[in-house]
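Thank you all for coming; I would like to walk you through one model this morning, taking the empty spaces, then the surface, and then the charged pairs. Please have the structure open as I speak.

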Amino acid sequence: MDQKYAVVTGADRGLGLELALGLVRSGFTVFAGQYLLDWHELEEAEKAYPGQLLPLLLDVGSSTGVKRAAETVRETTDRIDLLLNNAAVVDPANAGKTIESPLDFGSMLQTYNVTALGALRTAHAFMPLLLNGSGKLIVNISSEAGSLSQSWRSSGYAYCMGKAALNMHSTITYNKIRDLGGHVLNLHPGWVQGRLGGKLNAEADLTPEFSASQLLPIILRYRTYQTNKPAYLNWLGQDLSY
C-alpha cells in the first residue's frame, strides 16, 4: 500500500501537534509545520516517531516561506493526501474592543493575514502535490466564530472575520477541486486550551489532546460528508450553520 502523506500547519504545539501525532498513529507520514523555533514540543515528539513526524519550517504569513516549504516537501514526495490548515493567531491588541473603542487595525491585519490568508497561501502552494495524492483532502480548522448566522459577539473583529473568510476560502476552493476529486472539511475544534494569544488559556473547556481525539475520526471518514459544499462540523460531528 502506498504511503500516505499529510502537511499540518501550526504543529509546533497544542492542537496542531496533537492532530499531527494522531495522523502519524493512523499511518501517515506528517510534515509538521514549525514556526516557533524556541518551543521544543515538536522536537521531542519527532524523537518518538523518527521518519514519520517531519518538522517543516512553515510561516503561513509569508508567501515566500510557504512556497519554500512546498519545495522542501517536494524533495521527499510528489504528492500529499491531506493538507490540514491549523495555524491561526488571535488579536490581543484589540481584545474586548467594540466598534466604539480605539482600534488597532495593524494588529487586525496581522491576525487576518495568518488566520485567513495563511490557509489560502498554503492551499495554493501545495495544490499540485495535493491533486497528485489519493486523498485530495483539505481540512481547515475553522470556528463557530466564523459563522454569520450564529454570530453573537460585539468584539473580536479580526479573529471572527478571519474565520469567516476561511470558510469562504473553503467554499470557493471546493467549488473548483470537487470535480477533480477533491474534498474540503471545515472543523470547529471547540474552545481549546492553547496559546493563540501568547499565553496559555487554561480556562477553555477542552484540552488539545481531547479535541484532536474527537476531530481525527471525522477527518478519517471525510468522504462521508461529501455534498455540494464543504461540511462545517464541530468536534462532536454536529453540523454548524454558515
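Let me begin with the lining of the largest cavity, which is made up of Leu137, Tyr174, His183, Val184, Leu185, Tyr222, Tyr225, Gln226, Thr227, Lys229, Pro230 and Ala231. I should say at once that this is a predicted model, and that everything I describe is computed from it. The space enclosed there is about 60 Å³, and the structure holds 1 cavity of 30 Å³ or more. If you ask which element gives the largest share of that lining, it is strand S6, residues 183-188, with 3 residues. By class, the lining of this cavity comprises 8 nonpolar residues, 3 polar ones and 1 charged one.

Turning to the pockets, the second largest has a volume of about 240 Å³. Its lining consists of 15 residues, and those that lie nearest the centre are Lys4, Phe28, Asp81, Ser134 and Gly135. Here the division by class is 7 nonpolar, 3 polar and 5 charged. Please keep Asp81 in mind, as I will return to that residue among the charged pairs.

On the surface, there is a nonpolar patch formed by Tyr112, Leu117, Leu120 and Met161, which together have about 340 Å² of accessible area. Helix H4, residues 105-132, gives the most to this patch, with 3 residues, while Met161 has its place in helix H5, residues 157-177. Is Met161 buried or partly exposed? Its relative accessibility is 48%, and so Met161 counts as partly exposed.

Finally, the salt bridges, of which the count comes to 3. In one of them Lys47 pairs with Glu44, with the closest N and O atoms 3.2 Å apart. These two residues are 3 residues apart in helix H2, residues 41-48, and are therefore separated by about one helical turn. Lys47, at 57% relative accessibility, counts as exposed, whereas Glu44, at 45%, counts as partly exposed.

Another salt bridge joins the side chains of Arg79 and Asp81, at 3.8 Å from N to O, and both of these residues are buried. Asp81, as I mentioned, is also one of the residues nearest the centre of the second largest pocket. There is also the salt bridge between Arg153 and Glu144, where the N to O distance is 2.6 Å; Arg153 has a relative accessible area of 30% and is partly exposed.

Technical notes: Residues are numbered from 1 along each chain as its sequence is written. This is a predicted model: local features need pLDDT of at least 70, side-chain atom pairs count only at pLDDT 80 or more; totals for chains, interfaces and linings use all residues. Side-chain values use heavy atoms; hydrogens and water are left out. On a 1 Å grid over the protein atoms alone, a cavity is a set of points where a 1.4 Å probe fits but cannot get out, and a pocket is an open set with protein on both sides within 12 Å along at least five of seven lines; lining residues have an atom within 4 Å of a point. Grid points are joined across faces, edges and corners, and a volume is the space filled by probe spheres set on the points. Helices (H or I, at least four residues) and strands (E, at least two) are DSSP runs, numbered from the N terminus. Ala, Val, Leu, Ile, Met, Phe, Trp, Tyr, Cys and Pro count as nonpolar, Asp, Glu, Lys and Arg as charged, and the others, Gly among them, as polar. Patches are made of residues with over 30% relative accessible area and no salt bridge: like charges are joined within 9 Å, nonpolar side chains (Val, Leu, Ile, Met, Phe, Trp, Tyr) within 5 Å. Accessible areas come from the Shrake-Rupley method with a 1.4 Å probe; for residues, only the protein chains shown count as cover. A salt bridge is a side-chain nitrogen of Lys or Arg within 4 Å of a carboxyl oxygen of Asp or Glu. Buried means under 20% relative accessible area, exposed over 50%, partly exposed in between (1.4 Å probe, protein chains only).
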